[in-house]
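Trainee: I would like to go through this model with you, one question at a time.
Mentor: Go ahead; here it is.

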Amino acid sequence: MRWRHDGARLSAGRRGGVPAVFVDRDGTLNREVDYLVAVEQLRLLPGAAEGVRRLRAAGFAVVVVTNQSAVARGLLSRAALAAIHRELGRRLAARCTRLDGLYVCPHHPLAGRPPLRRRCRCRKPAPGMVRRAARELGLDLERSYCVGDGPVDVALAAATGMRAVLVLTGHGRRTARARDAAMPVAHVALNFRAAAKWIIDDARRRRARRRR
Ligand SMILES: [Mg+2]
Ligand SMILES: [Zn+2]
């Protein structure tokens, strides 16, 4: 993995825009299962909904960005994916919260057939989904964060000038073990709820520093 730091070149970040937390889906919000292809496999991780609720209450837009190459691989239809995301929405609503956006990359560079088999600009760690969300939702990437359990989530943060929080759920422990000194992780959190708490505190510290 190469760590790109070209966030400053992105035009997407809007000053005065809303700060966001970009959240990986599998292994971060819901339990990691090798390919999540049916609604019945969806299990929200403990504290996930609470984390979303707290972040939104603190003024962050919460946006899921997820690589779903299962679509390119022919393991998952668009309709089944939409059903999984409707159910995710229902589970969050049952806990009095919701997402501000959800972006999916259905592609894979090698698997399946065109047009889904292609080198796209949205498969993490490419910044396509973040750029699009920033444009559509009016986000300020400089004040934004990215939370996930994989190296691609950290690389996505580096590529877009955001701070990365690694969670130890899903593949997070493996990612933490394989982590080299150059991997730009701002914080390692036990789970998404702990990540949310750290982000809210970190944003407060940054605001206080700017005022001084
Ligand atoms: Mg993940
Ligand atoms: Zn893509």
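**Core and helix H7**

Mentor: In this predicted model, the largest nonpolar core has 42 residues. Those with the most contacts inside this core are Val21, Phe22, Val63, Val147 and Val165.

Trainee: Which element gives the largest share of this core?
Mentor: The elements giving two or more residues to the core are S1, H1, strand S2 (61-67), helix H4 (128-137), S4, helix H5 (151-160), S5 and H7. The largest share is 6 residues, and the element that gives them is H5.

Trainee: Which residues does Phe22 touch, not counting those up to four places away in sequence?
Mentor: Phe22 is among the residues with the most contacts inside the core. Beyond four places in sequence, Phe22 touches Val63, Val65, Val130, Ser144, Cys146 and Met162.

Trainee: Within what arc do the buried residues of H7 fall, seen down its axis?
Mentor: The buried residues in H7 are Phe192, Arg193, Ala195, Ala196, Ile199 and Ala203. They line one face of the helix, because seen down the axis they fall within an arc of 160 degrees.

Trainee: Which exposed residues does the face of H7 turned away from its buried side carry?
Mentor: The cover over the buried residues of H7 includes strand S1 (20-23), helix H1 (48-57), strand S4 (145-148), strand S5 (163-167) and strand S6 (187-189). The face turned away from that buried side carries Asp201, Arg204, Arg205, Ala208 and Arg209.

Trainee: Over which residues does pLDDT stay under 50?
Mentor: The mean pLDDT of the protein is 93. Where pLDDT is low, the predicted coordinates should not be read in detail. The stretch with pLDDT under 50 is residues 1-13.

Methods
Residues are numbered from 1 along each chain as its sequence is written. Chains are lettered from A and ligands numbered from 1 in the order in which they are written. This is a predicted model: local features need pLDDT of at least 70, side-chain atom pairs count only at pLDDT 80 or more; totals for chains, interfaces and linings use all residues. A residue is buried if 20 or more other C-beta atoms lie within 10 Å of its own, exposed if 12 or fewer, and partly exposed in between; C-beta atoms are placed from the backbone. Helices (H or I, at least four residues) and strands (E, at least two) are DSSP runs, numbered from the N terminus. The arc is that of the directions from the helix axis to the C-beta atoms. Two residues are in contact if their C-beta atoms, placed from the backbone, lie within 7 Å. pLDDT is the predictor's confidence in each residue, from 0 to 100. A nonpolar core is a set of buried Ala, Val, Leu, Ile, Met, Phe, Trp, Tyr and Cys residues joined through C-beta atoms within 7 Å.
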